[in-house]
Amino acid sequence: MATSGSKDIAHYNPVWGKVDTYALAHSHPASRPNTAALENALTASREAGLPDISLSAAQGKFLALHCRAAGVAHALEVGTLGGYSAIWLASENPALRLTTVEYNPLHVEVARRNIEAAGLADRVEVVHGAGVDVLARLRDEVRAGARPPFGFVFIDADKENNWNYFKLAKEMVKPNSVICVDNVVRRGGLADPENTEPYVLASRRVVEEVGKEPGVDSVVVQTVGSKGYDGWLWAVVS
Ligand code: SAH
Ligand code: DHB
Ligand code: MG
């Protein structure tokens, strides 16, 4: 079984992309005010040589609408890349403030430029650093009352640290907040005992640990679409 490449034939049905294209033409037509900023972020990121691993448009809008429905004032993201998911969250939520953490200096530079071009620099802070270090600092600031707790966390960086990120995130969210971990299904690798890639082992670890964690209710939501077959760990911290 093929295990690499997000669009290898055994794991990508072109119908999924067609459905995303069809549905978005109605639920998020190109006339929307954030279309140019989102397209610019993807184009500029591609031209700068960043990998094409940002969320799909449907996924970005879903997370943004969740934040709106839940009245999230402060969101946290680990893994900014070129700022595409960040632009979704902030552009769909005029009052939302986002702190997004990125390790790669080129990604930080491209993301800051894309976020500035989107007119969102006043509400989106790109913090340069390693996720675990930055989250530990943010956790200390929240504990000290120096910054408000977060109402939503999106974990989308180095998968090996997913459980570390989750534990830190749990310590700095308000009651009833969602922590979402991207890419845990990995084209079914999550449930394939023969798949022992570090990335997949880390996904199993976060799913299993979060399942045992007191005060947390979680579900794995499988997703298909223009980005292929993957899924989220979606957890509510009480
Ligand atoms: N959320 C983005 C995609 C993120 S891709 C979007 O949907 O648009 C994953 C990102 O995590 C990459 O930019 C990578 O450089 C970053 N990353 C990898 N290891 C990291 C670490 N230890 N700390 C912070 N970011 C990291
Ligand atoms: C990869 C990482 C991601 O965050 C993603 O959404 C898709 C793919 C990767 O490292 O392959
Ligand atoms: Mg991802």
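This is a short tour of a predicted model, with one stop after another to select in your viewer.

**Before you start**

The model is predicted, so local features need pLDDT of at least 70, side-chain atom pairs count only at pLDDT 80 or more, and totals for chains, interfaces and linings use all residues. Residues are numbered from 1 along each chain as its sequence is written, chains are lettered from A and ligands numbered from 1 in the order in which they are written, and side-chain values use heavy atoms, with hydrogens and water left out.

**Stop 1: strands β1 and β2**

Helices (H or I, at least four residues) and strands (E, at least two) are DSSP runs, numbered from the N terminus. Select residues 74-78, which form strand β1. Then add strand β2, residues 97-102. The two strands run parallel, joined by 5 bridges. Strands count as paired if DSSP finds at least two bridges between them. Find Glu77: Thr100 in β2 stands opposite.

Now color β2 by burial. Buried means under 20% relative accessible area, exposed over 50%, and partly exposed in between (1.4 Å probe, protein chains only). In β2, 5 of the 6 residues are buried.

**Stop 2: helix α4**

Select residues 84-91, helix α4. Why is α4 largely enclosed by the rest of the structure? Because 7 of its 8 residues are buried. They are Tyr84, Ser85, Ala86, Ile87, Trp88, Leu89 and Ala90. Together, β1, α4 and β2 make a right-handed β-α-β unit. Right-handed has a strict sense: with the strands pointing away from the viewer, the path from the first strand over the helix to the second runs clockwise.

**Stop 3: on to β3**

Select strand β3, residues 124-128. It runs parallel to β2, with 5 bridges between them. Thr100 turns up again here, opposite Val126 in β3. From β2 the chain passes through helix α5 (residues 105-117) to β3, in a right-handed crossover.

**Stop 4: β4 and β5**

Go back to β1 and add strand β4, residues 150-155. How many of the residues of β4 are buried? The count is 6 of 6. β1 and β4 pair in the parallel sense over 4 bridges, and Leu76 stands opposite Val153. Next, add strand β5, residues 173-181. β4 and β5 are also parallel, over 5 bridges. Phe152 faces Val178 there. Helix α7, residues 162-170, joins β4 and β5 in a right-handed β-α-β unit.

**Stop 5: ligand 1**

Show the residues near ligand 1 (a heavy atom within 4 Å). There are 20, and the closest are Gly79, Glu102, His107, Gly131 and Asp156. Look for polar contacts, pairs of N or O atoms within 3.5 Å. The side chain of Glu102 has an N or O atom 2.6 Å from an oxygen of the ligand. A backbone N or O atom of Gly79 is 2.8 Å from a ligand nitrogen. The protein covers 89% of the 590 Å² of accessible area that ligand 1 has on its own (Shrake-Rupley method, 1.4 Å probe).

**Stop 6: ligand 2**

Which residues surround ligand 2? Select Ile53, Asp156, Lys159, Asp182, Asn183, Arg186 and Tyr199. The side chain of Asp156 puts an N or O atom 2.7 Å from a ligand oxygen. For the side chain of Asn183, the distance to a ligand oxygen is 2.8 Å. Alone, ligand 2 exposes 290 Å², and the protein buries 67% of that. Asp156 is also among the closest residues to ligand 1, so end the tour by selecting Asp156 with both ligands shown.

How values were computed: Polar contact = N/O pair within 3.5 Å; in protein donor to acceptor, adjacent residues only side chain to side chain.
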